[in-house]
Amino acid sequence: MPNASSWSASSPLLLLWEDSSGTRIFLSLLYAVLAISGTLSNVMVIYLVFSFKKLQTTSNAFIVNGCAADLSVCALWMPQEAVLGLLPPNSSSLRSPEYRLLRGGLLGLGLTVSLASHLLVAFNRYVLITKLPSVYQALYQRRHTGCMIGLSWALALLLVPLLPGLWTPGSAQQPPLRQTDGSSRYTALLLALAVLGQTALLLHCYLGIVRRVRGSAKRVSVLNFHLLHQLPFPAAPPPPRRAQRRLSSVSVLLLCCVFLLGTQPLVWVSLLGFFLRPAPPALQAASWLLLCSLSALNPLLYTWRSEEFRRAAR
């Protein structure tokens, strides 16, 4: 098995060619399950939003944007990984640089827009709860919302070609990566810092919402916005009692914990590889798998507490 420093350049993103056939079959089945469940859940959310007028809100526009990006991972990239895990390592398809570039582009585009959509949803809800209604209405006009969604895709299209070492690792026939070649290490550092900054902003928004809801129930009750029902916790007009406020905090904490579990392992594995020594290949693969699994979980994270979505699904 290649050492950890050469793993990122000598294997696919999440499969180790030197692993046993049993391990590779297990990973292929895992990809298949994530691909099917993620595709169905993302398509369902998109269908419900476009079919029911009550769900056509600004916050849900950002959620649909994230679901469309997640389909790039669940419906297009994951099925290919599931099939590739069953092919022999010397398959001609795996050695094609164009095919590796396509797979890497699908993954990079989907993950970048998905992470940006997480932040757009959080900031939208933060402005809705903590700012005046006039500020929210001025900021989230239809034109401004469309520009935010367009910028998330433009940013992804700009970043994907700049990160070839991350999204399109080399084949098994390439020589091991030299220690003096730090391009992939700096690429991983760039990714880690970007995700870390995005996570900090997201946590700031949601924790700010929790503080405002818990500290001023009256402030929430005067906001006569139906979008409040799209929050991942109850924030209906009646002032929440102590038990309701505690449930609100638990719901937000659960959402943040799932997001942190999916993103932070890759961040710290990347930082560890840059400043100290590369993490074991299996740990690198597991951190990538957790990040990609968010694409299948995102629709549930944003709709499981919404009565409007449950009613539309029924």
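**Helix packing around H3 and H12**

In this predicted model, helices H3 and H12 pass each other in a left-handed crossing. On the side of H3 the contact is made by Ile 63, Cys 67, Asp 70, Val 73, Cys 74, Trp 77 and Met 78, and on the side of H12 by Cys 292, Ser 293, Ser 295, Ala 296, Asn 298, Pro 299 and Tyr 302. Sorted by character, the residues that take part in this contact of H3 with H12 comprise ten nonpolar, three polar and one charged. The axes of the two helices, H3 being residues 58–84, come within 9 Å of each other and cross at roughly 145°.

It helps to set this pair against the chain as a whole. The secondary structure amounts to 13 helices and zero strands, and reading along the sequence therefore gives the pattern α-α-α-α-α-α-α-α-α-α-α-α-α, with every letter standing for a helix. Of the 314 residues of the chain, 52% count as buried. Among the contacts with a separation of 6 or more, 79% are accounted for by residues that lie 24 or more positions apart.

An unreviewed UniProt entry carries the annotation "transmembrane region" for residues 25–50, 62–80, 100–123, 144–167, 187–209, 250–276 and 282–304. Two of these annotated spans can be compared directly with the model. Residues 100–123 are 100% helix and 0% strand, and the C-alpha atoms at the two ends of that span lie 35 Å apart. For residues 187–209 the span is likewise 100% helix and 0% strand, with 34 Å between its end C-alpha atoms.

Helix H12, residues 281–303, also packs against helix H5, residues 97–130, and here the angle is about 45° while the axes lie 11 Å apart. Because an angle of 45° falls outside the ranges that count as roughly parallel, roughly perpendicular or roughly antiparallel, H5 and H12 are described as oblique to each other. The crossing of H5 past H12 is left-handed. Leu 107, Leu 111, Ser 114, His 118, Val 121 and Arg 125 supply the H5 side of the contact, whereas Trp 288, Leu 291, Cys 292, Ser 295, Asn 298 and Tyr 302 supply the H12 side. The residues of this contact of H5 with H12 divide into seven nonpolar, four polar and one charged. Cys 292, Ser 295, Asn 298 and Tyr 302 of H12 thus appear both in the contact with H5 and in the contact with H3.

Helix H3 has a further partner in helix H2, residues 21–51, which packs against H3 at an angle of about 155°, with 8 Å between the axes. Since angles over 145 degrees count as roughly antiparallel, H2 is roughly antiparallel to H3. The crossing of H2 and H3 is left-handed, and the residues of their contact divide into 21 nonpolar, five polar and three charged.

A few individual residues bring these arrangements down to the level of side chains. Ser 41 has its place in helix H2 and, at 14% relative accessibility, counts as buried because the value is under 20%. Leaving out residues up to four places away in sequence, Ser 41 touches Ala 296 and Pro 299, two residues that also belong to the H12 side of the contact with H3. Ser 41 and Ser 295 are 254 residues apart in sequence, yet their C-alpha atoms are 9.8 Å apart in space.

On H3 itself sits Gln 80, which counts as buried at 16% relative accessibility. Apart from its neighbours within four places in sequence, Gln 80 is in contact with Tyr 99, Arg 103 and Leu 106, and these three residues fall within the range of H5, residues 97–130.

A buried glutamine is also found elsewhere in the chain. Gln 264 lies in helix H11, residues 242–275, and has a relative accessible area of 12%, so that this residue too is buried. Its contacts, once neighbours within four places in sequence are set aside, are with Leu 196 and Thr 199. Gln 264 and Leu 196 are 68 residues apart along the chain, and 7.6 Å separates their C-alpha atoms. Leu 196 and Thr 199 both fall within residues 187–209, one of the spans that carry the UniProt annotation "transmembrane region".

Notes:
Residues numbered from 1 in each chain as written. Predicted model: local features only at pLDDT ≥ 70, side-chain atom pairs only at ≥ 80, totals over all residues. Heavy atoms only, no water. UniProt positions renumbered as here; feature names shortened; annotations may be inferred. Helix = DSSP H or I, 4+ residues; strand = E, 2+ residues; numbered from the N terminus. Axes fitted to C-alpha atoms, helices over the stretch in contact; angles between N-to-C directions. Parallel < 35°, antiparallel > 145°, perpendicular 65-115°, else oblique. Left-handed = near helix turned anticlockwise from the far one by under 90°. Contact = heavy atoms within 4.5 Å. Nonpolar A, V, L, I, M, F, W, Y, C, P; charged D, E, K, R; others polar. Buried < 20%, exposed > 50% of the residue type's maximum accessible area, 1.4 Å probe, protein only.
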